[in-house]
Amino acid sequence: MPYTGSCHCGAVTFTVAADAPSEAMTCNCSHCRRKGFMLTFVPADQFTSTAARTS
């Protein structure tokens, strides 16, 4: 099932063509810690960048 995401500011968006992650890890940056964001990784062939704003 494809799902979408973005970087913190929304300048970069992406689609991942994979099942929902079964594992994730916490990020130690102040932004992610405040928001409770988690990280996961997928194979490169399942990842598609859909937009990249330059300014």
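In these legends, Ala, Val, Leu, Ile, Met, Phe, Trp, Tyr, Cys and Pro count as nonpolar, Asp, Glu, Lys and Arg as charged, and the others, Gly among them, as polar. The structure shown is a predicted model.

**View 1. The lining of the largest pocket has 12 nonpolar residues, five polar ones and no charged ones.** Let's begin with the pocket itself, which has a volume of about 450 Å³. Its lining is made up of 17 residues. If you would like to find the middle of the pocket, look for S6, F14, M38, L39 and T40, the lining residues that lie nearest its centre.

**View 2. Three strands each bring at least two residues to the lining of the largest pocket.** These strands are β1 (residues 2-6), β2 (residues 12-17) and β4 (residues 38-39). Which strand gives the most to this lining? That is β1, with four residues.

**View 3. β1 and β2 form a hairpin.** Here you can follow the chain from one strand to the next through the five residues that lie between them. Pause at G10 in the turn, where phi is positive, at about 85°. The two strands run antiparallel and are joined by five bridges. One bridge to look for pairs Y3 with V16 of β2.

**View 4. β2 and β5 are antiparallel partners.** Five bridges hold this pair of strands together in the model. As a handy landmark, V12 has A52 of β5 as its bridge partner.

**View 5. β1, β2 and β5 make up an open sheet of three strands.** The strands follow the order β1-β2-β5, and their pairing is antiparallel. Which strands lie at the edges? They are β1 and β5 (residues 47-52), each of which pairs on one side only. From one strand to the next, the twist averages 20°. While you look at the side chains, keep a general point in mind: in a regular strand they alternate between the two faces of the sheet.

**View 6. Stepping back, the protein contains one helix and five strands.** Starting at the N terminus, the elements come in the order β-β-β-α-β-β. The C-alpha trace spans about 35 × 30 × 15 Å along its principal axes. How many of the 55 residues count as buried? The share is 9%, where buried means under 20% relative accessible area. Among contacts with a separation of 6 or more, 44% come from residues 24 or more positions apart.

Terms used. Residues are numbered from 1 along each chain as its sequence is written. This is a predicted model: local features need pLDDT of at least 70, side-chain atom pairs count only at pLDDT 80 or more; totals for chains, interfaces and linings use all residues. Side-chain values use heavy atoms; hydrogens and water are left out. On a 1 Å grid over the protein atoms alone, a cavity is a set of points where a 1.4 Å probe fits but cannot get out, and a pocket is an open set with protein on both sides within 12 Å along at least five of seven lines; lining residues have an atom within 4 Å of a point. Grid points are joined across faces, edges and corners, and a volume is the space filled by probe spheres set on the points. Two strands pair if DSSP finds at least two bridges between them. Axes are lines fitted to C-alpha atoms, for helices over the stretch in contact, and angles run from 0 to 180 degrees between N-to-C directions. Buried means under 20% relative accessible area, exposed over 50%, partly exposed in between (1.4 Å probe, protein chains only). Contact means heavy atoms within 4.5 Å.
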